[in-house]
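Okay, thanks for coming, everyone. Let's put today's chain up on the screen and walk through it together.

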Amino acid sequence: MSAAKSTNVDQDGAVPGADGDVAAQIVRWLAHLSTERRVSPKTCEAYERDMRQFLAFLSKHLGTSLTLHRLARLTPPDIRAFMAARRGNGMSGRSLARVLAGARSFARFIERNGSGKVGALFAVRSPKIAKTLPKPLAVASARRVTESELRAGEDREAWIFARDAAVLGLLYGSGLRISEALSLKRKEVPAPGQGDAITVTGKGNKRRMVPVLGQVLALVADYVALCPTALPADGPLFIGAKGGPLSPRIVQLTMERLRGLLGLAETATPHALRHSFATHLLARGGDLRSIQELLGHASLSTTQVYTAVDSERLLEVYRNTHPRAKEGPGAPSRRE
């Protein structure tokens with residue numbers, strides 16, 4: 001991704017609230033993230049948007065356009081004022097932490113290049129983020145989302161049902177993200193009996209090999225056989241009704257319909273199938289290191305959240321099934 005495509009600065013190169021030197025440094029920083037750090041385009045766009053909001057607020061707060069010198073003179077109260085304003089506008093702690101992470105990344109970049117220092121950003125603590133556990137589907141429900149028969153009442157062509165079943169099969173069967181499944185080329189998924197693994201491109205353009213079940217390969221083969229449009233080997237495997245690459249939004253809408261048909265909670269999203277993949281593997285004795293590699297997590301700590309999910313599931317089973325679980329702490333002891 002070129003720097004021109006990664007930034008939304010004005011056509012004359014300006015960034016509202018900042019002078020030309022700051023704007024130029026932002027363009028260089030985004031190019032560095034994209035080409036050298038291999039940060040995803042969406043993350044670059046989010047960082048660029050966050051920096052615009054950050055600089056616009058500080059410019060208004062301080063009553064002056066921001067220069068590199070003025071950035072170096074920022075104080076912790078200036079940063080806290082920005083955080084308080086964003087909180088007041090309903091920004092979540094997680095989103096605010098991302099904004100600060102982007103601003104700090106920019107600060108480190110200009111410091112390494114000898115263009116200034118923004119110490120105030122590192123003197124303020126990031127907001128605490130409430131840990132939320134992933135919400136996997138039950139095994140039976142995760143399996144049923146790939147059953148095309150569930151959607152027989154919809155006025156759609158059979159190949160659409162087959163396509164959606166194949167995509168969802170990859171999300172649950174191989175633990176893929178939507179973006180990873182939809183970026184697959186036709187030639188990258190073997191026919192049934194001709195392979196049992198695929199290589200996907202994850203975050204940061206990092207590639208990893210993941211196993212793929214024979215049942216999932218059969219779903220893909222059914223879709224390919226029914227698809228009315230030719231699928232070139234170097235082209236996208238999954239296409240939309242008009243022949244272009246399949247949109248993630250279509251997958252999300254498909255899952256919404258399936259939630260209604262199966263009576264699932266709103267947490268049953270396409271990404272929940274990836275959570276289900278990891279949680280169900282762990283419940284069957286999979287080790288965290290292997291699951292980390294399969295999911296493409298950079299850090300084991302990201303994968304460790306599934307241990308909490310599995311522990312909570314075990315406690316729920318205990319509470320619901322053990323004959324003594326519902327007895328209060330003061331319940332009389334009975335001998336069996």
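Let me start with a question: are Arg-208 and Glu-180 buried or exposed? Hold that thought for a minute. First, a word of caution: what you're looking at is a predicted model.

So, the overview. The chain has 336 residues, and 42% of them are buried. DSSP gives us 15 helices and two strands. On the outside, the accessible surface is about 18,400 Å², and carbon and sulfur atoms account for 52% of that. If you take the contacts with a separation of 6 or more, 63% of them join residues 24 or more positions apart.

Now back to my question. Arg-208 and Glu-180 are both buried. And they're partners: their side chains form a salt bridge, 2.9 Å from N to O. That pair links distant parts of the chain, with Arg-208 in strand β2 and Glu-180 in helix α9, residues 178-182, and their positions 28 residues apart.

Next door in the sequence, Arg-207 has a partner too. Glu-188 makes a salt bridge with Arg-207, and here the closest N and O atoms are 3.8 Å apart. Again we're linking distant parts of the chain: Glu-188 sits in the loop between α9 and β1, while Arg-207 is in β2, 19 residues apart. How does Glu-188 count in terms of exposure? It's partly exposed, because its relative accessibility is 22% and the cut-off for buried is under 20%.

Since we keep landing on β2, let's look at the strands. β1 is residues 197-201, and it pairs with β2 in the antiparallel sense, over five bridges. β2 itself covers residues 207-211. Together the two strands form a hairpin with five residues between them. In that turn you'll find Gly-204, with a positive phi of about 70°. Which residue stands opposite Arg-207? That would be Thr-201.

The side chains on these strands are worth a look as well. On β1 they alternate: Ile-198 and Val-200 point to one face and are buried, whereas Ala-197, Thr-199 and Thr-201 point to the other face and are not. On β2, the covered face has Arg-208 and Val-210, and the uncovered one has Arg-207, Met-209 and Pro-211. So the two arginines we've just met are on opposite faces of β2, Arg-208 on the covered one and Arg-207 on the uncovered one, by the meaning of buried used here.

Okay, on to the inside. In soluble globular proteins, nonpolar side chains tend to be buried together. Here, the largest nonpolar core has 51 residues, and the ones with the most contacts inside it are Leu-176, Ile-198, Tyr-223 and Phe-238. Several elements each supply at least two residues to this core, including α9, β1 and α10 (214-226). The biggest giver is α8, with 10 residues. Phe-238 touches quite a list, among them Arg-163, Val-167, Leu-170, Leu-182 and Tyr-223. There's also another core, apart from that one, with 36 residues, including Leu-30, Leu-33, Met-51 and Ala-107.

Arg-163 brings us back to charges. It forms a salt bridge with Asp-164, the closest N and O atoms being 3.0 Å apart, and both of those residues are buried. They also belong to a network of salt bridges that links Arg-151, Glu-154, Arg-156, Arg-163, Asp-164 and Arg-257. And how many salt bridges does the count come to? The count is 14.

What about disulfides? There the count comes to zero. As for cysteines, Cys-44 is buried, with a relative accessible area of 0%, and Cys-227 is buried too, at 11%.

One last oddity before we stop. Arg-38 isn't a glycine, yet it has a positive phi, near 55°. You'll find Arg-38 in the loop between α2 (20-35) and α3 (41-62). With a relative accessible area of 41%, Arg-38 is partly exposed.

That's my tour. Thanks, everyone.

How values were computed. Residues numbered from 1 in each chain as written. Predicted model: local features only at pLDDT ≥ 70, side-chain atom pairs only at ≥ 80, totals over all residues. Heavy atoms only, no water. Buried < 20%, exposed > 50% of the residue type's maximum accessible area, 1.4 Å probe, protein only. Helix = DSSP H or I, 4+ residues; strand = E, 2+ residues; numbered from the N terminus. Pairing = 2+ DSSP bridges. Disulfide = S-S within 2.5 Å. Contact = heavy atoms within 4.5 Å. Areas by Shrake-Rupley, 256 points an atom, 1.4 Å probe, with all protein chains shown as cover. Salt bridge = Lys/Arg side-chain N within 4 Å of Asp/Glu carboxyl O. Core = buried A, V, L, I, M, F, W, Y, C linked by side-chain atoms within 4.5 Å. Lists of a residue's contacts leave out its neighbours within four places in sequence.
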